[in-house]
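Please open the model in your viewer and keep the sequence beside it, since this tour moves from one selection to the next. At each stop, make the selection first and then read on.

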Amino acid sequence: MENQIKNTDYLEVVKKRVKENEGRRNDVYIDTEGHLTVGIGYKLPKDSSLKLGDFVDDAFIDDKFNLTFNNAVEGAKRLTKGFNLKEE
């Protein structure tokens, strides 16, 4: 029972696991797919003014992570619309 996650907590658990899996870097680097990336796996848009080796602050990283995470959650909700998911 202690390993079960309440529905109200699952998003925070997912966030934590994504952060652990992706790691966190304040410098712009090239990811495994060849994309300029920063923070917690945030792929920079092609028109970004940031360049390889540039540094960003923690607020930038947190903002981009929360934005992309919330967009992913909303996309998942759209994809599962109409499913009979039990809320607790």
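Begin by selecting residues 10-22, which form helix α1, together with residues 58-79, which form helix α2; in this predicted model the axes of the two helices come within 12 Å and cross at roughly 125°. In general, two packed helices are described by the angle between their axes and the distance between the axes. Are α1 and α2 parallel or oblique to each other? An angle over 145 degrees would count as roughly antiparallel, and 65 to 115 degrees as roughly perpendicular, and α1 and α2 are therefore oblique to each other. The crossing of α1 and α2 is also right-handed.

Now show the side chains where these two helices meet: on α1, select L11, V14, K15, V18 and K19, and on α2, select F65, N66, F69 and V73, for these residues make the contact. Sorted by class, the contact of α1 with α2 has six nonpolar residues, one polar residue and two charged residues.

Next, keep α2 in view and add the strands, because the helix also has a place against the sheet: α2 lies across β1, β2 and β3, and runs at about 65° to β1.

Turn to the sheet itself, which is open and has three strands in the order β1-β2-β3, paired in the antiparallel sense. Select 25-30 for β1 and 42-43 for β3, and you have the edge strands, each of which pairs on one side only.

Then select β2, residues 36-39, beside β1, and look for the three bridges over which these strands pair in the antiparallel sense. Which residue of β2 is the bridge partner of R25? The partner of R25 is G39, while Y29 has T37 in β2 as its bridge partner. Following the chain from β1 to β2, you pass through a hairpin with five residues between the strands, and in this turn G34 has a positive phi of about 90°.

For the last stop, select D27, which lies in strand β1. The side chains of D27 and R25 are joined by a polar contact of 2.8 Å. If you leave out residues up to four places away in sequence, D27 touches T37, V38, G53, D54 and F55, so showing these residues together with D27 completes the selection.

Conventions:
Residues are numbered from 1 along each chain as its sequence is written. This is a predicted model: local features need pLDDT of at least 70, side-chain atom pairs count only at pLDDT 80 or more; totals for chains, interfaces and linings use all residues. Side-chain values use heavy atoms; hydrogens and water are left out. Axes are lines fitted to C-alpha atoms, for helices over the stretch in contact, and angles run from 0 to 180 degrees between N-to-C directions. Helices (H or I, at least four residues) and strands (E, at least two) are DSSP runs, numbered from the N terminus. Angles under 35 degrees count as roughly parallel, over 145 as roughly antiparallel, 65 to 115 as roughly perpendicular and the rest as oblique. A crossing is left-handed if the near helix is turned anticlockwise from the far one by less than a right angle, and right-handed if clockwise. Contact means heavy atoms within 4.5 Å. Ala, Val, Leu, Ile, Met, Phe, Trp, Tyr, Cys and Pro count as nonpolar, Asp, Glu, Lys and Arg as charged, and the others, Gly among them, as polar. Two strands pair if DSSP finds at least two bridges between them. A polar contact is a pair of N or O atoms within 3.5 Å; within protein, one must be able to donate a hydrogen and the other to accept it, and residues adjacent in sequence count only if both atoms are side-chain atoms.
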